[in-house]
Amino acid sequence: MPISYDVVVIGAGTGGYVAAIRAAQLGMKVAVVEKQKALGGTCLIWGCIPTKALLEHAHAFKVVQNAREWGVMLPYGAPAIDMHQVQARKDKIVTGLTKGVEFLFKKNKIEWIKGTARLAGNGKVDVFVGDAQMLQAKEIIVATGSAPRSVPGVEIDHRRIITSDEAIHLKEVPKSLVILGSGAVGVEFASIYRRFGSQVTIIELLPRLVPIEDEAVSAELEKSFKKQGIVTMTATKVTHAKATDTGVELEAQSADGKAQRISADLLLVATGRGPVTTGLGVEALGITLDRGYIAVDEMYRTSVPHVSAIGDVIAMGQGVHPQLAHVSSMEGVIVAERLAGQEVQPINYDHVPSGTYCDPEIGSVGLTEAEARERGYDVRVGTFPFGVLGRAKMAGETEGFVKIVADRRYDEVLGVHMIGPRSTELIAEAVMALRLECTVEELIKTIHAHPTFSEAVGEAAHATHGAPIHL
Ligand SMILES: Cc1cc2nc3c(=O)[nH]c(=O)nc-3n(C[C@H](O)[C@H](O)[C@H](O)COP(=O)(O)OP(=O)(O)OC[C@H]3O[C@@H](n4cnc5c(N)ncnc54)[C@H](O)[C@@H]3O)c2cc1C
């Protein structure tokens, strides 16, 4: 007889484990099947946490490199990076957090079944690798996430042509690194390894870096990367890449048809991630797929009753579903609450913040200026540079700006886009502003503490009305 649960979750990433905790909090009997040796999924083990830990190391190195400016004397010459210690510290952080999820499972009496699962129909979940057994569930939540994918002509060999899964574990700093793709993952690794000493080249198919961000943010990042010695090749397509014993040989073609050959120690493919559904039994069960992702409605119901799906593995409507940890977690909470019979509201995906932790950092929420114009708003924008602020001067972090996109008619804030110091933290105020349908006037009247980086938000609001105080 299979063991029965109210909810069985497949996958313990930030979607699955949060859904499990919320369901257990609401009184349901919950099991989670996870095939990795640790809980937490891509975010904790391969993604957000290791990359941001490496970025903190890069930031620390930058401060030490500028020690003289701070009046700190280093008696033993130029500082150097010790990758062994960097990796050890990063791994300790990852382990601490994954153990934390294990603790939360125990606290909430959630059973972790260690193995690989597939859907077997009629509420059955077949754990066919690991702790093999059949489970019976009233409700199933699929949260199997995503995995790196490549582009035609580029075969990942995990040695010379690598993905983020390998890039977080490098024991040595490569002399030269080409990064394919300038989304969040690409530009974050560019910042990490450039700071550690690599010659970094980013190749992006689209005409600008971080193509989903506001155009002004892309331009500012490109300017800063150039200053830092990161080579950026936009509107360029890699047509072929070949691993050799000593490195990688690449062929690339720019928009005007000009072909180029590039050699490097390593090629990091950061061109996006595809859904993990292989062997899951979704097709056999008749679950509708959309471009390979599991199609869900706004309440995360799949086409099969009592099977829901959340996180990186889903597609919702025509647009691109954001593959972000906090999105998967919020979806997990919503599904758990719906299954518990609570009244829940769909997520407004226009209000999903995004943080990109490159140097300088990017934080954004809502419509870009171009998107707002496309939707027919009478747009007005205001921009304020961080460099004017006392706090930025003290920190020696004067790059970047805050840009507000607003609707002239009702004065509503439609989007906030920032690049510069602490942007990934400062964006929280903007997220709340959008959620509360805040006007620019209300942001102006909101008192921002002095001296803080957050003053740039208040000043950008003033600028949107045409009159920043300190400019
Ligand atoms: C390098 C990198 C950096 C990132 N940085 C950020 C960031 O800073 N901020 C942010 O918000 N997002 C970031 N992301 C994205 C974020 O990690 C994902 O959006 C998030 O992890 C998605 O969560 P999920 O629960 O949907 O899937 P996942 O985290 O991928 O979890 C899925 C889990 O399911 C398990 N699984 C799959 N199939 C089975 C099966 N058949 N049986 C049992 N278990 C199975 C997998 O082992 C995995 O643990 C980053 C991603 C990468 C790659």
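These legends walk through several close-up views of a predicted model.

**View 1. The ligand and its closest neighbours.**
Let us start with the ligand, which has 39 residues around it. The closest of these are Gly 15, Glu 34, Thr 42, Lys 52 and Ala 325. At Gly 15, a backbone N or O atom lies 2.9 Å from an oxygen atom of the ligand. Glu 34 brings a polar side-chain atom to 2.6 Å from a ligand oxygen atom. An N or O atom in the side chain of Lys 52 is likewise found 2.6 Å from an oxygen atom of the ligand. On its own the ligand has 1000 Å² of accessible area, and the protein covers 94% of that.

**View 2. The shell around the ligand.**
Which elements give two or more residues to this shell? They are strand 2 (30–34), helix 2 (41–46), helix 3 (48–65), strand 3 (111–121) and helix 9. Helix 2 gives the most, with 4 residues. Sorted by character, the shell residues divide into 14 nonpolar, 20 polar and 5 charged.

**View 3. Helix 9, from end to end.**
Helix 9 covers residues 325–339, which makes 15 residues. From its first C-alpha to its last it reaches 21 Å, close to the 21 Å expected at 1.5 Å a residue. Is this helix largely enclosed or largely open? Of its 15 residues, 12 are buried, so helix 9 is largely enclosed by the rest of the structure. Among the buried residues are Ala 325, Val 327, Ile 334, Val 335 and Leu 339, and also Glu 331, Glu 337 and Arg 338. Ala 325 is also one of the residues closest to the ligand. After the helix comes Gly 341, with a positive phi near 90°.

**View 4. An open sheet of 3 strands.**
Here 3 strands form an open sheet in the order 16-17-19, with mixed pairing. Strand 16 (289–290) and strand 19 (314–315) stand at the edges with a single partner strand each, so one side of each has no neighbour in the sheet. Strand 17 (residues 293–295) runs parallel to strand 19, and 2 bridges join them. To find this pairing, look for Ala 295, which stands opposite Ala 315 in strand 19. His 306 can be found in the loop between strand 17 and strand 18 (307–309). Phi of His 306 is positive, near 70°, in a residue other than glycine.

**View 5. The hairpin of strand 11 and strand 12.**
Strand 11 (residues 236–243) and strand 12 (residues 248–254) run antiparallel and are joined by 7 bridges. Together they form a hairpin, with 4 residues between the two strands. A handy landmark is Ala 241, whose bridge partner in strand 12 is Leu 250.

**View 6. Strand 23 and its two partners.**
Strand 23 (401–407) pairs with strand 22 and with strand 24. Strand 22 (residues 379–385) runs antiparallel to strand 23, with 7 bridges joining them. Phe 384 has Val 402 in strand 23 as its bridge partner. The pairing of strand 23 with strand 24 is also antiparallel, over 6 bridges. There, Ala 406 has Val 413 in strand 24 as its bridge partner. How many residues of strand 23 are buried? The count is 7 of its 7 residues. On one side these are Phe 401, Lys 403, Val 405 and Asp 407, and on the other Val 402, Ile 404 and Ala 406.

**View 7. The turn at Asp 411.**
Strand 23 and strand 24 form a hairpin with 5 residues between them. In the turn sits Asp 411, which has a positive phi of about 70° although it is not a glycine. Is Asp 411 buried or exposed? Its relative accessible area is 11%, so Asp 411 is buried.

**View 8. Two cis peptide bonds.**
The peptide bond from Asp 359 to Pro 360 is cis, and its omega is near 0°. Look for Pro 360 in the loop between strand 20 (354–356) and strand 21 (362–366). Another cis peptide bond joins His 450 and Pro 451, with omega about -5°. Pro 451 belongs to the loop between helix 13 (440–445) and helix 14 (455–464).

Note on methods
Residues are numbered from 1 along each chain as its sequence is written. This is a predicted model: local features need pLDDT of at least 70, side-chain atom pairs count only at pLDDT 80 or more; totals for chains, interfaces and linings use all residues. Side-chain values use heavy atoms; hydrogens and water are left out. Two strands pair if DSSP finds at least two bridges between them. The expected span of a helix is 1.5 Å times one less than its number of residues. Buried means under 20% relative accessible area, exposed over 50%, partly exposed in between (1.4 Å probe, protein chains only). A residue is near a molecule or strand if one of its heavy atoms lies within 4 Å of it. A polar contact is a pair of N or O atoms within 3.5 Å; within protein, one must be able to donate a hydrogen and the other to accept it, and residues adjacent in sequence count only if both atoms are side-chain atoms. Accessible areas come from the Shrake-Rupley method with a 1.4 Å probe; for residues, only the protein chains shown count as cover. Ala, Val, Leu, Ile, Met, Phe, Trp, Tyr, Cys and Pro count as nonpolar, Asp, Glu, Lys and Arg as charged, and the others, Gly among them, as polar.
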